[in-house]
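Reader: I should like to learn how to read burial, side-chain contacts and surface charge from a model. Might we work through some examples?

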Amino acid sequence: TAEQRTTLEGAIDYLNGRYAGDEDSIGEGMSGALTVILGEYTLERIGGERWTARAVERDAMARLTGAIIVEAMQGVPETTIAERAGVDRMTVRKAVGK
């Protein structure tokens, strides 16, 4: 409808200002706006997806911490662990308690 189009255009303008230059975030924001405008998703559903993603990230970090600890216990250098795991050395140090 015309009202939906106007709402989406306003959301796009807002997102472009908020995430200037970050096309991925703009696209995801537009997706969220459009699905709510069309009634496909609710704010509550999208909020729930975020909490699920955060829980998955926490679990992945706990698994990564365990793996880092094992590598460090086997004498693998900190820089090597960081490179292989795709993290910075501070993350490795935090995982092994240094």
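Author: Let us begin with a position in a helix: Asp24 lies in helix H2, which covers residues 23–37. Please bear in mind that the model is predicted.

Reader: Is Asp24 buried or exposed?

Author: Exposed means over 50% relative accessible area. Asp24 counts as exposed because its relative accessibility is 64%.

Reader: Which residues form a negative surface patch with Asp24?

Author: Asp22, Glu23 and Glu28 join Asp24 in forming that negative patch on the surface.

Reader: Let us turn to Thr35. Why does Thr35 count as buried?

Author: Buried means under 20% relative accessible area. Thr35, which also belongs to helix H2, has a relative accessibility of 12% and therefore counts as buried.

Reader: Which backbone oxygen does the side chain of Thr35 reach?

Author: The side chain of Thr35 reaches the backbone oxygen of Gly32, at 3.1 Å.

Reader: How is a residue between the two classes read? I have Ser25 in mind, in helix H2.

Author: Values between the 20% and 50% limits are called partly exposed. Ser25 has 23% relative accessibility, so Ser25 counts as partly exposed.

Reader: With which side chain does the side chain of Ser25 make a polar contact?

Author: A polar contact requires a pair of N or O atoms within 3.5 Å. Here the partner is the side chain of Asp22, at 2.8 Å; Asp22 is also one of the residues of the negative patch.

Reader: How many residues apart in sequence are Ser25 and Leu15?

Author: They are 10 residues apart in sequence, and their C-alpha atoms lie 8.3 Å apart in space.

Technical notes: Residues are numbered from 1 along each chain as its sequence is written. This is a predicted model: local features need pLDDT of at least 70, side-chain atom pairs count only at pLDDT 80 or more; totals for chains, interfaces and linings use all residues. Side-chain values use heavy atoms; hydrogens and water are left out. Patches are made of residues with over 30% relative accessible area and no salt bridge: like charges are joined within 9 Å, nonpolar side chains (Val, Leu, Ile, Met, Phe, Trp, Tyr) within 5 Å. Accessible areas come from the Shrake-Rupley method with a 1.4 Å probe; for residues, only the protein chains shown count as cover. A salt bridge is a side-chain nitrogen of Lys or Arg within 4 Å of a carboxyl oxygen of Asp or Glu. Lys and Arg count as positive and Asp and Glu as negative; His and the chain ends are not counted. The place of a charge is taken as NZ of Lys, CZ of Arg, CG of Asp or CD of Glu. Helices (H or I, at least four residues) and strands (E, at least two) are DSSP runs, numbered from the N terminus. Buried means under 20% relative accessible area, exposed over 50%, partly exposed in between (1.4 Å probe, protein chains only). A polar contact is a pair of N or O atoms within 3.5 Å; within protein, one must be able to donate a hydrogen and the other to accept it, and residues adjacent in sequence count only if both atoms are side-chain atoms.
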